[in-house]
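Q: I have a model open beside its sequence, and I would like to learn how to read its features one at a time. Could you take me through it?

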Amino acid sequence: MSRMSTDISEARLAHPDVSSGAGAVAADIEDYVALLKPRVMSLVLFTAFVGLMVAPGHIHPWIGLVALVCIGLGAGAAGALNMWYDADIDGRMRRTAARPIPRGKIQPGEALGFGTVLAIGSVMMMGTLVNWTAAALLALTIAFYVFIYTMWLKRRSPQNIVIGGAAGAFPPMVGWAAVTGTVSLESVALFLMIFMWTPPHFWALALFRSEDYARAGVPMLPVVAGADETRRQILIYTALLVPVTLLPWALGFAGAVYLAMAAVLGALFLGCALDVFRRREGELAERAAKRMFAYSVLYLFLLFAGLLAESLLRLAPGTPGWL
């Protein structure tokens with residue numbers, strides 16, 4: 001079975017054709033789920049949930065659940081619209097050749113319709129059932145990912161994931177706005193944490209996938225500026241990110257436990273960046289990049305898990321004030 005999948009992927013890489021529909025086979029539920037980019041959606045939902053939980057004030061549990069459903073559907077809509085627009089280059093990259101459109105399971109027009117309906121539906125449901133500030137932020141998130149990142153920057157600029165990374169940074173702000181109905185300095189701090197985390201996360205991936213991006217004509221930093229410059233930028237952005245992760249404590253909505261976690265996790269992330277910077281050739285260099293990419297996902301998860309844990313502990317009676 002795995003051999004057959006490999007053969008299909010190799011054939012698609014050699015002859016990508018996503019427009020004719022020739023040889024298309026019926027899509028099943030799994031194909032439509034894949035169109036929503038479920039792994040990306042899970043991280044979006046988690047950071048949005050933390051934004052919702054650490055925000056001051058109260059939201060009815062059912063309204064909070066509705067807000068998360070809207071955010072999940074909005075994230076899925078953005079993923080489907082991204083796959084519709086990138087169908088031609090997805091077929092040229094090993095990482096994306098097995099997606100539903102390159103495999104002929106879903107036609108680009110179907111993905112466009114599916115994503116558009118989900119996008120409009122999620123924003124309207126958020127505005128009607130939660131509040132229109134959160135709905136506006138959700139609409140901005142989807143539009144930024146589709147129009148600014150996917151259609152404008154991705155194929156034109158090595159800064160694609162620096163600026164385009166804003167789309168992935170909005171979800172905790174949407175969660176915060178679902179509770180408060182506002183955009184505040186604290187929610188902007190949550191935005192900045194993900195915004196500054198995105199470049200080292202994706203550039204670590206691009207270091208060991210640069211051939212894929214070059215084949216598809218995507219100007220990721222290693223393709224246009226080389227691996228050494230990418231390693232330097234990873235180190236710079238990581239060094240800038242670590243103090244940004246301390247903002248929740250500095251602004252008073254996180255306590256000493258989070259501060260200690262952020263400091264230790266940040267030191268480890270900086271250690272990964274230094275390792276990537278030092279190891280420049282051969283298998284050790286590739287291992288360092290893969291290690292940093294893997295740790296980057298865990299790093300962001302643990303930072304937001306720390307914020308969530310503190311917010312839950314504060315609800316418990318007898319919790320000390322410094323926490």
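**Reading a helical model**

A: Let us start from a single residue in this predicted model: T238 has a relative accessible area of 0% and is therefore buried.

Q: Where does T238 lie, and which residues does T238 touch beyond those up to four places away in sequence?

A: T238 is found in helix α14, and, once residues up to four places away in sequence are set aside, T238 touches P200, F269, L270, A273 and M292.

Q: What is the wider setting, that is, how many helices and strands does the chain have, and what percentage of its residues count as buried?

A: The chain has 17 helices and zero strands, and of its 323 residues 49% count as buried. If one takes the contacts between residues at least 6 apart in sequence, 76% of them join residues at least 24 apart.

Q: How should I describe two helices that pack together, and at what angle do the axes of α14 and α17 cross?

A: The general idea is that two packed helices are described by the angle between their axes and the distance between the axes. Here the axes of α14 (residues 227–244) and α17 come within 13 Å and cross at roughly 25°. Angles under 35 degrees count as roughly parallel, and α14 and α17 are therefore roughly parallel to each other. The crossing of α14 and α17 is left-handed. On the α14 side the contact is made by R231, I234, T238, L241 and V242, and on the α17 side by A285, M292 and Y299; by class, these residues of the α14 and α17 contact divide into six nonpolar, one polar and one charged.

Q: Which residues make the contact between α4 and α7, and is the crossing of α4 and α7 left-handed or right-handed?

A: The axes of helix α4 (residues 61–85) and helix α7 (residues 132–153) come within 10 Å and cross at roughly 15°, and α4 and α7 are therefore roughly parallel to each other. The crossing of α4 and α7 is right-handed. The contact is formed by C70, I71, G74, A78, G79, L81, N82, W84 and Y85 from α4, together with L138, I142, Y145, V146, Y149, T150 and M151 from α7. Sorted by class, the contact of α4 with α7 has twelve nonpolar, four polar and no charged residues.

Q: Turning to charged side chains, how many salt bridges does a search of the whole structure find, and what does D275 pair with?

A: As a general matter, side chains of opposite charge can pair when their charged atoms come close. A search of the whole structure finds 15 salt bridges. D275 forms one with R291, with the closest N and O atoms 2.7 Å apart. Since D275 lies in helix α16 (residues 256–278) and R291 in helix α17 (residues 282–315), the pair ties together parts that are 16 residues apart in sequence. The side chain of D275 also meets that of R279 in a salt bridge, at 2.6 Å from N to O.

Q: Are D275, R279 and R291 buried or partly exposed?

A: D275, at 11% relative accessibility, counts as buried, whereas R279 is partly exposed with a relative accessible area of 34%, and R291 is likewise partly exposed, at 43%. Elsewhere, salt bridges that share partners join D86, D88, K154 and R155 into one network.

Q: What about the loops, for instance where does R99 lie, and which residues is R99 in contact with beyond its neighbours within four places in sequence?

A: R99 lies in the loop between α5 (87–90) and α6 (108–129), and with a relative accessible area of 17% R99 is buried. Apart from its neighbours within four places in sequence, R99 is in contact with K37, N82, M83 and D90. The C-alpha atoms of R99 and M83, 16 residues apart along the chain, are separated by 8.2 Å. With D90, the contact is also a salt bridge between side chains, at 3.2 Å from N to O, and both D90 and R99 are buried.

Q: Since K37 is in contact with R99, what is phi of K37 near?

A: Phi of K37 is near 50°, a positive value in a residue other than glycine. K37 lies in the loop between α2 (29–35) and α3 (38–54), and its relative accessible area of 14% means that K37 is buried.

Notes:
Residues numbered from 1 in each chain as written. Predicted model: local features only at pLDDT ≥ 70, side-chain atom pairs only at ≥ 80, totals over all residues. Heavy atoms only, no water. Axes fitted to C-alpha atoms, helices over the stretch in contact; angles between N-to-C directions. Helix = DSSP H or I, 4+ residues; strand = E, 2+ residues; numbered from the N terminus. Parallel < 35°, antiparallel > 145°, perpendicular 65-115°, else oblique. Left-handed = near helix turned anticlockwise from the far one by under 90°. Contact = heavy atoms within 4.5 Å. Nonpolar A, V, L, I, M, F, W, Y, C, P; charged D, E, K, R; others polar. Salt bridge = Lys/Arg side-chain N within 4 Å of Asp/Glu carboxyl O. Buried < 20%, exposed > 50% of the residue type's maximum accessible area, 1.4 Å probe, protein only.
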